[in-house]
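Visitor: I would like to take a close look at one part of this structure, the place where its helices pack against one another. Could you guide me through that part slowly, residue by residue where it helps?

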Amino acid sequence: MWSLHAAASITASPPLPLIIYPPPPTSPPTRATCPIDALKLGLCLDVAGGIVHVGIGNPVENICCPVIQGLLDLEAAICLCTVIRIKLLNLNIFIPVALQVLATCGMTPPPGFVCPPLK
C-alpha cells in the first residue's frame, strides 16, 4: 500500500519590497566632432588656400573631395574648422576658403554656419 504523508507546512512569506531605480543619467548633448582624421584635410586647406601649389587639374576636386566624400555636409564643415584650428590658421581668412571647398565638392554647409567654439 501506498501512503503519502505531507509534513511540509505552507507559510506566507512577506512581499518583496518594490525597488524603483532612478533613470540612467542623461549624457550631455554631444559636441559636434569630425568623424575622420582631420589631419588628412590639412593638405586640402593648404592647396585651397594657395599655400601649396599643385598643377594637376582642379586641386580641390582631386585632393579635398575624396577626403570629405561620404561625410554629411555639417560633418565636413566641422572637419574643415578642426583643421583650421589644428594648423593655427586665421579663421576669418580660411573659413571662406573652407566654404568654397565644400561648394566645389557639391556640399552645402548649414545656413549661417560658424565654426563651433573650442571647449
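Guide: What follows begins with the chain as a whole and then turns to helix α4 and the helices that pack against it. Please keep in mind that this is a predicted model, and that the values below are computed from it.

The chain has 119 residues, of which 28% count as buried, and it contains four helices and zero strands, so that reading along the sequence gives the pattern α-α-α-α. The accessible surface of the chain comes to about 8,900 Å², and carbon and sulfur atoms account for 65% of that area. If we take the contacts in the chain with a separation of 6 or more, 74% of them join residues that are 24 or more positions apart.

Let us now turn to helix α4, which covers residues 91-104, and begin with its meeting with helix α3, residues 73-86. These two helices pack at an angle of about 145 degrees, with their axes 10 Å apart, and α3 passes α4 in a right-handed crossing. On the α3 side the residues that take part are Ala76, Ala77, Leu80, Cys81, Ile84 and Arg85, and they meet Leu91, Phe94, Ile95, Ala98, Val101 and Leu102 on the α4 side. Sorted by class, the residues of this contact divide into eleven nonpolar, no polar and one charged.

One of the α3 residues, Ala77, deserves a longer look. Ala77 has a relative accessibility of 3% and therefore counts as buried, since the cut-off for buried is under 20%. When its neighbours within four places in sequence are left aside, Ala77 is in contact with Leu102, Pro109 and Phe113. Ala77 can also be compared in position with Val114, for the two are 37 residues apart in sequence, while their C-alpha atoms are 8.9 Å apart in space.

Helix α4 also meets helix α2, which covers residues 59-68, and here the axes come within 9 Å and cross at roughly 85 degrees. That angle makes α2 roughly perpendicular to α4, because angles of 65 to 115 degrees are counted in that way. The residues Val60, Glu61, Cys64, Cys65 and Ile68 in α2 meet Val101, Leu102 and Thr104 in α4, and by class this contact has six nonpolar, one polar and one charged residues. Val101 and Leu102 take part here, and both are also listed in the contact with α3.

Finally, we can look at helix α1, residues 42-48, where Leu43 is found. Leu43 has a relative accessibility of 42%, so it counts as partly exposed. Leu43 and Ile63 are 20 residues apart in sequence, and their C-alpha atoms are 7.7 Å apart in space.

Technical notes. Residues are numbered from 1 along each chain as its sequence is written. This is a predicted model: local features need pLDDT of at least 70, side-chain atom pairs count only at pLDDT 80 or more; totals for chains, interfaces and linings use all residues. Side-chain values use heavy atoms; hydrogens and water are left out. Axes are lines fitted to C-alpha atoms, for helices over the stretch in contact, and angles run from 0 to 180 degrees between N-to-C directions. Angles under 35 degrees count as roughly parallel, over 145 as roughly antiparallel, 65 to 115 as roughly perpendicular and the rest as oblique. Contact means heavy atoms within 4.5 Å. Ala, Val, Leu, Ile, Met, Phe, Trp, Tyr, Cys and Pro count as nonpolar, Asp, Glu, Lys and Arg as charged, and the others, Gly among them, as polar. Buried means under 20% relative accessible area, exposed over 50%, partly exposed in between (1.4 Å probe, protein chains only). Accessible areas come from the Shrake-Rupley method with a 1.4 Å probe; for residues, only the protein chains shown count as cover. A crossing is left-handed if the near helix is turned anticlockwise from the far one by less than a right angle, and right-handed if clockwise.
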